Amino acid sequence: KKAARLAFQLYSGTPYDLRRMFGRVGPSLFREAQGAREEKGANARLSSSIGALAIADLVKSTLGPKGMDKILQSASDPKKVIVTNDGATILKSISPENPAAKILIDTSKTQDTVIGDGTTSVTVFAGELLREAERLVEKKIHPQTILAGWRKAVKVAREALDAAAKDNKSDPEKLKDDLYHIARTTISSKILSQHKEHFANLAVDAVLRLKGSTDLEHIHVIKKKGGSMKDSYLDEGFILEKSFGIGQAKCVTDAKVLVANTPMDTDKIKIFGARVRVSSMQAVADIEAEEKKKMKRKVDNILKHKPTVFINRQLIYNYPEQLFTKAGVTCIEHADFVGVERLALVTGAEIASTFDQGEVVLGECKKIEEIMIGEDKVIHFSGVAKGEACTVVLRGANKQILDEAERSLHDALCVLSQTVKSTKTVLGGGCSEMLMANAVHMLALKTPGKEALAMEAFARALRQLPTIIADNGGFDSSELIPKLRACHSNGQNTMGLDMEKGEIADMSVLKIVESYKCKSQVVISAHEAAEMILRVDEIITCAPRQRKRA
C-alpha cells in the first residue's frame, strides 16, 4: 500500500513527459503512436519564439545599404542558383516546419505584394519584438499584459510617424524630387546601389508615365546579357523578343495589329496515337491538299480583317507564312503568353482565336521595326495606343546579376507607384525608427503598471533596427546609437545614420527619404505577426494520414 501511494504521489506531481513513463490515466486525445504531438504552455511559447527568431536572424545580415547577399541553391536542380539580399526572395525559398516561422514568411510575402519593399525590415522587427517579449515572460509578466502595452505603443508610434511625415502632393516638382530620393534610398540597399542615380531616374520616369496608375503591367522589363549595368536604359514603347517571318518587311509604319492565340500549324498531318491507312500515295497527297485548303480558308478569314501585322501565340508553319508574305502582311510567331497579353494591352487589341464570326478588335502602332540589343534581334513597337507603355532594358554580366537587378528595380517601381497614390514621405537612415521609439518611451514614462515595461520593450525593438543597420555596415553601433538617441531626446528629430561615413547626420540634408506607407506598414505588419505568435499557448501537431495498401 505504501509503495502504491508513493507511486501515485510521484505520478501526480510530474510533468507530462515523465507521466508517460508511468502510463496514461484516462482517454487519449491525440494519436501519439501514429505521430501526433502536443506542446503546452512554456514549451509551446518557447518553440514558437525559437522558430520565429531563427527566421529573423537568417535575414538580419541583409538589412540596410551595407547588407550582405545570400546564395540560394536548389537541391533538385544544382544549376539553379540565386544570389540575392531581398528578404522576400530568401524566405520564399525555404520551407520550415516550425509554424511560427511560416507566419513570419507569410508576413514578408504580404509586405512584398502590397508595398514591394520593407520585406527584411518587417521580419527583423517582428523577431526583435518576440525577443523582447520572451525576456518579459521570463519575468513572469503575462502575454496579455505585454500585448496591451504593445497596442498602445503602436498607436503612439504611428501618430509620431504621421506627425513627422511630409506631403508634397500639391507641388509636382517637389513630388518628383521625393520620388527620385525614395528610389535612391530603396536602390541603395540593392545590387544596383553603385548606379543608384541612373536607376532612380529610370524608375521615376517609368512610373510617371503611368499617370497615377499602379498597374506595372505597362512597364515591360527585358534582360540581355552583356555590357554593364549602367548600359541599362528606358525605351518609350514595347519590345518583343522575337523576329519577323522570312522575306517579310523589317519595318512597318501605321500598323494595324491583330493579336491571336490560334493554331497555324495544321498544314501537315498530325497523328496522336492513331493510324491512317491509305491504298496509295495519291491518297496521302489528297489529305495534305485538303489540309492546305483548310489552312488557306483560315488565312483568308484573317486577311478579311485587313491587318498589316499578325502576331500569334502559337507556331506559324511555312505554308501560312507564305500566304501572309504574298498578301503583304508581316507575321510574328510563338510570342510568349505574357508578351501577347501585355502587347494586346498596350496596343489596344483583343486576343482573338476565331476569325469567321463577328469583328476582331485590332491594335494600333505607329511604327514596328527590328532592332539590335547587344547580339540579339528584337522587335520594337513605338507609338502604341497606350502612351504609358514602356520597356526597361537591363544589361549585365550574367544571369544572376540580371535576375537580382530585375528584383531590385521591381521593388523600386512598386514603392514609387504606391507613393504616387499616397504621397506622404518620411526620413530614412534609422531616423523614423528612433523618432517612434522616443515617442513610445515618453508614453512609457507616463504609464503606471506592467504595461510600461511592454512599451519600453517595444521601443527597444524599434531601436534595434538602426543598430543592426550600423552593425551590418561594420560601424560601432554601441557608439552611434546612443548618440542618435541623445539627438532625438534633445529635439533633433531629423538625425539619422550616414552609412557612407559611419556617423550621425541630418537626413533632410542628405535627402534620405522613404515612403510613409512602407514604413507604417512595416510597423503594423510586424506587430500583428508578433502578437499572433505571442498569443500561442499550445501547439498541436496532427498525425499524418496513414496510407494502406489495397
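This tour moves through a predicted model, from its nonpolar cores to a sheet, its aromatic pairs and a buried lysine.

**Nonpolar cores**

Begin by selecting Phe125, Ile146, Trp150, Phe458 and Leu497, the residues with the most contacts inside the largest nonpolar core, which has 62 residues. Next, colour helix α15 (residues 451–472), which supplies the largest share of this core, 11 residues. Then centre the view on Phe125 and display its surroundings. Leaving out residues up to four places away in sequence, Phe125 touches Phe458, Ala461, Leu462, Leu465, Val522, Val523 and Ala526. A separate, second core contains 32 residues, among them Leu413, Val415, Leu416 and Val513. In soluble globular proteins, nonpolar side chains tend to be buried together.

**The three-stranded sheet**

Select β5, β13 and β6 next: in that order, these 3 strands form an open sheet with mixed pairing. Its edges are β5 (219–225) and β6 (233–235), each of which pairs on one side only. From one strand to the next, the twist averages 25°. To inspect the pairing, show the backbone of β5 and of β13 (residues 390–396); the two run parallel and are joined by 7 bridges. Isoleucine 219 is a useful starting point, with cysteine 390 as its bridge partner in β13. Now add helix α9 (residues 196–208), which lies across β5, β6 and β13 and runs at about 20° to β6.

**Aromatic pairs**

The model holds 3 aromatic pairs. For one of them, select phenylalanine 238 and phenylalanine 381, whose rings are edge-to-face, 6.0 Å centre to centre with 65° between the planes. This pair links distant parts of the chain, 143 residues apart: phenylalanine 238 belongs to strand β7 (residues 238–240) and phenylalanine 381 to strand β12 (residues 376–384). Phenylalanine 238 counts as buried because its relative accessible area is 1%, under the 20% limit. Phenylalanine 381 is likewise buried, at 0% relative accessibility.

Move on to phenylalanine 310 and phenylalanine 324, a stacked pair at 5.0 Å centre to centre and 20° between the planes. Here the partners are 14 residues apart, with phenylalanine 310 in strand β9 (residues 309–312) and phenylalanine 324 in helix α11 (residues 318–326). Both of these residues are buried.

**Around helix α11**

Keep α11 in view and show the side chains of Tyr319, Pro320, Glu321, Leu323 and Phe324, which are buried. The buried residues of this helix pack against α10 (281–303), β9 and β10 (330–332). At tyrosine 319, add lysine 292, which lies over the face of the ring at 5.1 Å from its centre. After α11 comes glycine 328, with a positive phi near 80°.

**Lysines 424 and 519**

A further charge over a ring appears on selecting lysine 424 and tyrosine 516: the charged end of lysine 424 sits 5.2 Å from the ring centre of tyrosine 516. The last stop is lysine 519, located in helix α18 (residues 516–534). Is lysine 519 buried or exposed? Lysine 519 counts as buried because its relative accessibility is 8%, under the 20% limit. To see what surrounds lysine 519, display Leu161, Val426, Ser432, Glu433, Met436 and Glu514, its contacts once neighbours within four places in sequence are set aside.

Definitions and conventions
Residues are numbered from 1 along each chain as its sequence is written. This is a predicted model: local features need pLDDT of at least 70, side-chain atom pairs count only at pLDDT 80 or more; totals for chains, interfaces and linings use all residues. Side-chain values use heavy atoms; hydrogens and water are left out. A nonpolar core is a set of buried Ala, Val, Leu, Ile, Met, Phe, Trp, Tyr and Cys residues joined through side-chain atoms within 4.5 Å. Buried means under 20% relative accessible area, exposed over 50%, partly exposed in between (1.4 Å probe, protein chains only). Helices (H or I, at least four residues) and strands (E, at least two) are DSSP runs, numbered from the N terminus. Contact means heavy atoms within 4.5 Å. Two strands pair if DSSP finds at least two bridges between them. Axes are lines fitted to C-alpha atoms, for helices over the stretch in contact, and angles run from 0 to 180 degrees between N-to-C directions. Rings of Phe, Tyr and Trp (its six-membered ring) pair if their centres lie within 6.5 Å; planes under 30 degrees apart count as stacked, over 60 as edge-to-face and the rest as tilted. A charge sits over a ring if NZ of Lys or CZ of Arg is within 6 Å of the ring centre and within 35 degrees of the ring normal.
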